[in-house]
Amino acid sequence: MVQRAPIQVDNILEAKNGLQALEILSQRPVDVLITDVRMPEIDGIQLAERVRQLEHPPLVLVVSGYDDFSYAVSMLRSGVQDYLLKPVDREKFYQALSQIESKLDSRQEARRSNQERYLLALRYLMLNDSVDDPQKDGLLREFSAQFFEREYQAVCSRARLEEPEGVLMLQNMEELTIYLGESDHIRQLEWPKAAGCSRGFQGLASLNKAYEEAFSAWKQAFFREEGLVCYQPAENAPFRTTAQQLQGLIQLGRWKEAVRTLEHLFELVRAGQAGTDAVADLCSELALLLDQTWRSILEENESALRFGQLWNFESPEAYLKELSAWLEVICQRIGQEFADHESKQKIRQAVQYVQKNFRTPINMAMVSNHVSMNYSLFSLLFKQYTGTNFVGYLQGLRVGEAKRLLTETDMRVNEISARSGFSDEKHFLKVFKAATALSPTEWRKVSRQRLQP
């Protein structure tokens, strides 16, 4: 009758008596138990009471040939779902099974909902390091009893294992999977490349610390490309390379040198001599500079910003390979632009315009507009043509004019500052001393001494 019932049944098990039924139920989870009342060893009433003590108790349906109200009352008190008399009416039996199926669906949905809520709570606690957080305190009180009693560890990996038994899986903000499990179990699992493991912790309150250690260990594993890398506290010496320096090399067409510098920094991280976060921050800053400089000459799919997310790449080698290919294409494009006769003509016109008008308030935007050239492209080509950036070139002309006026005239310093194109005397004094190591007055004195016979 069960096999022909209008409900889905995966497996049917049979037992000769109540004791055999208990043995089966203790070894595997069962959804529904259909039992008689009068049986050898233990009867149906005792069986119904005993199964209530199991970790996953089944729903119980009783069939009996005894039309005895006291039996029915006893069985219903033991949590029985329904009580059918022999001979069993097929339609009543199917109706009872359908009601049980509905309860099983509700139970499964509630179980799934509770598990999802539990995992959401764990994720919140994992990512939240706030000490004073009422919501965090509430979650700790509610879910601590469900968490691991023994020592546990957190493992961070980009690979997704096939739901290992006894291990919880969470997602972090970097699209990595966090595995939580008792230490003995975690160490027995086979982990792929680039997995980071925390030290052992106890209790739900330590989840954020365990996650931070696992994530830190994963970053080391990302560079070392080993299997499971365990967390080790380290003090990494700072490095001097800046994003501005790398950007400067790239603008001069020395992009291969910039890539080799990054590769060297990656090696320092791999050897534990530089910090993972410091290198990732450097990549992020460099990507922003590249985007700001070349945004207007890039195609929609050529954005430099993706190079700001080091952890999104499969490996450090993959990052350097993509960055090298991107820089080669962009620098070739810039070189072609500069080789273009029209572009060269425009830069020559721009230089002539600056030489003629440096005494007036001008800036790079005005000059690039004057020769009808894209601002970012103009900046790059101007530097290639003159060997210095626009501001440096303009200040050089103004300082040169100031030197001439100091030597050839008796004008006061503030007049010379204005005549040379500086809008602020204080700024003029600072720029002049940086260029000559002398103040304007000292320069006048020294230059006139040299002219004396």
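Two strands count as paired when DSSP finds at least two bridges between them. Keep that in mind as you look around this predicted model.

**Stop 1: the five-stranded sheet**

Start by selecting strands E5, E6, E4, E7 and E8, in that order. They make an open sheet of five strands, and the pairing is mixed. Which strands stand at the edges? Select 168-171 for E5 and 228-230 for E8: each has a single partner strand, so one side of each is left without a neighbour in the sheet. As you turn the view, note that neighbouring strands here are turned by 25° against each other on average, direction ignored.

Now zoom in on E5 and residues 177-182, which are strand E6. The two run antiparallel and are joined by four bridges. To find one spot along them, click Met 169, which stands opposite Tyr 179 in E6.

Next, add helix H4, residues 90-127. This helix packs on the sheet, where it touches E5 and E6, and its direction makes about 60° with that of E5. Then show helix H7, residues 207-224. H7 lies across E4 (152-157), E6, E7 (195-197) and E8, and runs at about 40° to E4.

**Stop 2: the three-stranded sheet**

Keep H4 on screen and select E1, E2 and E3. These three strands form another open sheet, in the order E1-E2-E3, with parallel pairing. The edge strands are E1 and E3 (80-85), each of which pairs on one side only. Between neighbouring strands of this sheet the average turn is 15°, direction ignored.

Look along E1 and E2: four bridges hold the pair in the parallel sense. Click Leu 33 and you'll find Val 60 of E2 standing opposite. Then click Ile 34, whose bridge partner in E2 is Leu 61.

Two helices belong in this view. Helix H2, residues 44-51, packs on the sheet and touches E1, E2 and E3, with its direction at about 165° to that of E1. H4 shows up again here, lying across E1, E2 and E3 and running at about 165° to E2.

**Stop 3: inside E2**

Show side chains on E2. In a regular strand, side chains alternate between the two faces of the sheet. In E2, Leu 59, Leu 61 and Val 63 point one way, while Val 60, Val 62 and Ser 64 point the other way. Is the strand enclosed or open to the outside? Six of the six residues of E2 are buried, so the strand is largely enclosed by the rest of the structure.

Pick out Ser 64, which lies in E2 (residues 59-64). Its relative accessible area is 0%, so Ser 64 is buried. Which residues does Ser 64 contact, leaving aside its neighbours within four places in sequence? They are Asp 36, Val 37, Tyr 83, Leu 84, Leu 85 and Lys 86.

**Stop 4: a few backbone oddities**

From Lys 86, step on to Pro 87. The peptide bond between the two is cis, with omega near -10°. Pro 87 sits in the loop between E3 and H4.

Now jump to Glu 41, in the loop between E1 and H2. Glu 41 is not a glycine, yet it has a positive phi of about 70°. With a relative accessible area of 58%, Glu 41 is exposed.

Far along the chain, select Ala 437, in the loop between helix H17 (425-436) and helix H18 (440-451). Ala 437 also has a positive phi of about 70° without being a glycine. Its relative accessible area is 57%, so Ala 437 is exposed.

**Stop 5: the largest pocket**

Switch on a surface and look for the largest pocket, which holds about 1,600 Å³ of space. It is lined by 41 residues, and the closest to its centre are Asn 11, Val 30, Asp 31, Val 32 and Leu 33. Helix H1 (18-27), strand E1 (32-35) and H4 each supply at least two lining residues. Which element gives the largest share of the lining? That's H4, with nine residues.

**Last stop: the cysteines**

How many disulfides does the structure hold? Zero. Select Cys 230 and Cys 197 to see why: the sulfur of Cys 230 has its closest cysteine sulfur in Cys 197, 4.7 Å away, which is too far for a bond. Cys 230 is partly exposed, at 45% relative accessibility. Cys 283 is in no disulfide either, and its nearest cysteine sulfur, that of Cys 331, is 17 Å away. At 1% relative accessibility, Cys 283 is buried.

Notes: Residues are numbered from 1 along each chain as its sequence is written. This is a predicted model: local features need pLDDT of at least 70, side-chain atom pairs count only at pLDDT 80 or more; totals for chains, interfaces and linings use all residues. Side-chain values use heavy atoms; hydrogens and water are left out. A disulfide is a pair of cysteine sulfur atoms within 2.5 Å. Buried means under 20% relative accessible area, exposed over 50%, partly exposed in between (1.4 Å probe, protein chains only). Contact means heavy atoms within 4.5 Å. Axes are lines fitted to C-alpha atoms, for helices over the stretch in contact, and angles run from 0 to 180 degrees between N-to-C directions. On a 1 Å grid over the protein atoms alone, a cavity is a set of points where a 1.4 Å probe fits but cannot get out, and a pocket is an open set with protein on both sides within 12 Å along at least five of seven lines; lining residues have an atom within 4 Å of a point. Grid points are joined across faces, edges and corners, and a volume is the space filled by probe spheres set on the points.
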